[in-house]
Amino acid sequence: MRWMYRLPLTYGVVFAMLFVMLGVPPLQNVHAADEFDDLREKWKTTLTGGTGISASDPHIAARVVSITAVAQARWDSMDTSPTRTYLWSDITGSSSSNVTSNYDRLREMALAYAVKGSALENDSALLADLVDALDWMYANQYNATKTGGNWWDWQIGAPLRLNDIVVLLYDQLSASQIANYMNTVNHFSPTVQMDGANRVWKATVVGVRGIIVKDGTKIAAARNGMSNVFNYVTSSDGFYLDGSFIQHGSYSYAGGYGASLIRDMAAVIYLLENSTWEVTDSDRANIYKFIYDSYEPFVYKGLIMDMTRGRDISRKIYQDHVYGHRVIEAVIRLSQIAPLSDADRLRSMAKYWIQEDTYRNFFEYATLDMVTLGKAITGNSSITPRGELVMNKQFPRMDRTVHLRPDFGFGISMHSSTRTRNFESINSENTKGWHTADGMTYLYNQDLAQFSDDFWPTVNSYRLPGTTVQRDTTVSAGKNSDKNWVGGVSMQGLYGVTGMELHPFGKTLEAKKSWFMFDDEIVALGAGIVSSDLKAVETIVENRKLGSAGNNAFTVNGTAKPTTLGWTETMTNVDWAHLAGHVAGADIGYYFPEPAALTGLREARSGNWSQINNNAAFRDTTTVTRNYMTLFFDHGTDPTGAAYEYVILPNKSSSQVSSYASNPDIEVLANTSAVQSVKERNLGIVGAAFWTDSLTWVQDDGADYLSSNKKAAVMTKTSAGELEVSVSDPTQANTGTIELEIKRSAISAISTDPGVVVTQLAPTIKLTVDVQNAKGKTFTAKFALPEEVIVDNAAAEKIGSWTTSTHMNNYYGDDYYYRATGNGSIKLRFRPNLPAAGDYKVYYRIPDGDSKRATNAPFTVYYSGGSQTYAVNQQVSPGGSWVLLGTHAFAAGTSGYVELTNAGNNDYVIGDAIKFVAD
């Protein structure tokens with residue numbers, strides 16, 4: 001027997017061995033079952049899955065085998081010699097982190113002892129060594145006389161694990177042993193204190209200990225202590241009304257500390273449900289809002305976005321799917337106790353995430369209890385999987401943006417002067433997080449391993465996608481910028497504009513960066529890029545992890561580039577590019593509105609996790625290699641006003657990207673240090689980032705369209721006789737108002753948010769928005785517009801033969817007509833059905849032109865009481881604008897029309913579309 005040669009032994013172990021030799025069960029704590037025991041057994045079930053787990057379920061069986069194997073390995077490697085000075089040779093010394101690590105391993109062993117069906121279940125020799133090790137820990141490493149190191153280990157890390165061990169072994173421990181261990185826990189964590197995740201952990205420590213020692217006052221203190229976390233905060237750590245979650249005062253941490261917080265909070269609420277100490281705080285209902293607002297937007301097919309995980313991105317064992325599964329566990333646990341409507345929503349959410357995570361199987365790693373609960377959800381045909389979210393959401397307090405579509409997710413990570421710092425690097429962790437909040441962008445698709453599978457130790461940390469950086473330079477951790485224009489605006493919860501005034505701490509580099517998020521495209525603009533540190537400056541369009549062979553096809557302007565690792569090339573006049581994914585649904589297209597000079601690089605990169613996290617608890621020196629494709633703008637050394645423009649087109653094929661580049665949906669209206677603006681033609685949206693506190697106009701179709709007198713993010717959307725306006729103050733520093741003007745007239749204001757005052761409807765729309773203390777909130781107003789009727793060429797009446805074409809870009813609708821010039825006998829009549837009599841502005845949509853087009857294409861407007869002919873220069877390029885022909889009176893109905901004939905000069909006349917707008 002293993003225990004026969006392991007001396008010296010504690011009295012507890014001696015008694016345990018004696019009972020084994022006599023063939024009777026070990027001495028157990030004698031007690032009458034009460035509510036404390038019920039709660040302890042309930043907690044034990046959450047740890048072990050209980051006695052009802054199904055051994056026939058393959059995932060249950062595999063998890064039991066895994067739990068057993070881990071425990072056996074820990075047991076085999078544990079030092080049990082009489083003179084031992086440590087339990088494991090790789091965890092020597094009594095540092096605080098070693099205390100936590102030792103209890104981690106003892107918990108793994110205790111779990112195997114307690115789990116039904118484990119080969120180590122009720123193993124007396126294992127029990128003897130476990131109890132002996134616990135007494136050794138009490139004598140040497142964790143008692144009321146110990147101090148030093150990290151407070152977290154003493155007050156949270158060690159006691160959380162020790163509590164679980166005592167619950168798992170409760171009936172096998174003596175009263176004095178339980179008292180010793182629990183008195184130590186109480187010494188270090190007697191009360192519930194602190195904020196955020198730390199507070200929930202403290203509540204868990206105090207509450208579970210209270211259950212173990214049967215102290216109702218402590219359980220009540222734990223319950224009451226959690227109430228603080230149910231409340232929304234306005235500063236420091238916790239949940240904010242805008243969905244942000246902050247930990248350590250200045251860092252986005254919903255997917256790090258927050259993932260643990262929500263899982264453990266859910267566990268404690270569930271534990272106390274229907275007991276004397278049930279959580280009855282009315283603000284408990286906020287926990288469901290936390291899920292919907294602070295977690296759900298960041299969980300993508302089972303993973304949780306790294307831009308919410310702080311320094312945890314540098315921990316090999318805790319990559320994005322691991323923490324995503326923590327959130328899934330919280331959602332499942334809450335579904336057990338939530339009101340019906342929330343429970344249904346939570347189960348639908350969990351089912352979708354579990355089914356969609358094809359990278360890391362939830363059931364292969366979840367606790368036994370969660371395997372059982374999760375399978376009850378996924379196997380229930382009455383629960384409909386939620387499907388992917390479609391949304392655009394700004395998180396002003398933590399300087400993050402999320403844009404979600406059915407086949408991709410997109411995130412932007414930033415930092416500012418007053419809200420968030422650049423990156424956290426403490427305890428030797430996240431040592432290369434330099435540019436992770438400098439406008440880094442995250443594109444998620446079916447390549448669910450993109451930011452897992454050793455991304456962080458192998459990616460070039462100087463060149464993170466979306467960032468503008470000084471080449472090969474680092475920045476200090478824990479720093480704010482001196483710029484507060486960071487944030488954006490969302491429209492209808494579907495579209496958005498986000499901007500960042502970049503100025504990294506200690507650098508002269510500055511830039512205005514903005515992202516315009518529409519339906520199937522994201523437009524990225526940069527302007528005013530300056531630097532004077534004698535460093536080259538780059539903007540990183542992409543730095544994508546490739547497949548294991550590194551040969552993903554990369555096409556530029558239709559030409560395939562070499563697939564060999566080590567290829568690099570500086571390319572000019574790039575209109576579009578396409579990178580093939582190594583799994584279906586992972587292709588990415590790139591369109592450049594202005595032909596660009598770009599550098600491409602395909603390379604294999606090697607590294608190890610210890611290079612980004614040298615903390616003893618997470619250190620891993622194993623070398624790993626991954627392949628990458630990098631694409632970047634080289635702005636040169638010390639640029640004095642550089643700029644860039646590119647469009648990300650997720651999940652488009654090479655031919656689709658080529659087609660998009662020939663006829664793009666978007667038009668860049670402005671890209672300067674004063675304003676950046678983009679128009680999405682098909683959606684009727686104009687987005688703008690106004691960077692100054694002086695009156696600035698955005699032009700559309702060659703004329704002023706939108707202005708702001710203050711720094712602002714603005715979007716307008718025109719559709720079906722309505723104009724919607726969304727505006728925010730991304731600086732969160734404006735103590736007054738933002739004044740907007742839109743060169744459109746409105747019939748009336750349909751709706752306005754509180755704080756929005758409409759000062760004029762005609763001849764232009766003017767509104768004032770009170771943004772004092774708005775904290776980056778989006779304000780919305782909606783207006784009824786005069787009637788607008790568009791007659792496309794496909795609906796026009798043809799007299800003679802016209803040819804359909806898509807050769808010239810920037811046409812309206814699906815195509816346009818053209819005809820060789822002649823004597824005017826060939827005609828095209830655009831006849832609207834006008835809803836009411838009155839004056840109408842008449843516009844012609846002009847596609848791109850060239851020298852073959854007429855400079856005097858004759859458009860004749862037939863209106864009530866007469867007609868007027870206008871000569872239109874169709875050689876204008878770029879096109880895409882609406883050219884005002886004139887304003888005329890029309891009767892209701894179809895009596896009026898516009899006629900184009902082929903009586904023009906040069907080779908061709910073009911007929912595209914005519915628009916009638918009530919004046």
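## The β22–β23 hairpin

In this predicted model, Glu667 has Lys679, a residue of strand β23, as its bridge partner. The two strands concerned, β22 and β23 (residues 675-680), pair in the antiparallel sense over five bridges, and with three residues between them they form a hairpin.

As for the surroundings of this hairpin, strand β22 (residues 666-671) is largely enclosed by the rest of the structure, because five of its six residues are buried.

## The second largest pocket

The second largest pocket has a volume of about 1,300 Å³, and among the 43 residues that line this pocket, Asp701, Arg744, Glu788, Trp882 and Lys915 are the closest to its centre. By residue class, the lining of the second largest pocket divides into 18 nonpolar, 16 charged and nine polar residues.

Several strands take part in this lining, with at least two residues supplied by each of β24 (685-690), β26 (703-708), β27 (712-719), β34 (788-792), β39 (838-846), β42 (881-890) and β45 (913-918). The strand that gives the most to the lining of the second largest pocket is β27, with four residues.

## The protein as a whole

The protein contains 17 helices and 45 strands. Its radius of gyration is 33 Å, close to the 29 Å that the globule rule gives for 919 residues, so the protein is as compact as a globular protein of that length. The C-alpha trace spans about 115 × 60 × 50 Å along the principal axes of the protein.

Of the 919 residues, 59% count as buried. Among the contacts with a separation of 6 or more, 70% are accounted for by residues 24 or more positions apart.

Note on methods:
Residues numbered from 1 in each chain as written. Predicted model: local features only at pLDDT ≥ 70, side-chain atom pairs only at ≥ 80, totals over all residues. Heavy atoms only, no water. 1 Å grid on protein atoms, 1.4 Å probe; cavity = no way out; pocket = protein on both sides within 12 Å on 5 of 7 lines; lining within 4 Å. Points joined across faces, edges and corners; volume = space filled by probe spheres on them. Nonpolar A, V, L, I, M, F, W, Y, C, P; charged D, E, K, R; others polar. Buried < 20%, exposed > 50% of the residue type's maximum accessible area, 1.4 Å probe, protein only. Pairing = 2+ DSSP bridges. Rg over C-alpha atoms; globule rule 2.2 N^0.38 Å. Contact = heavy atoms within 4.5 Å.
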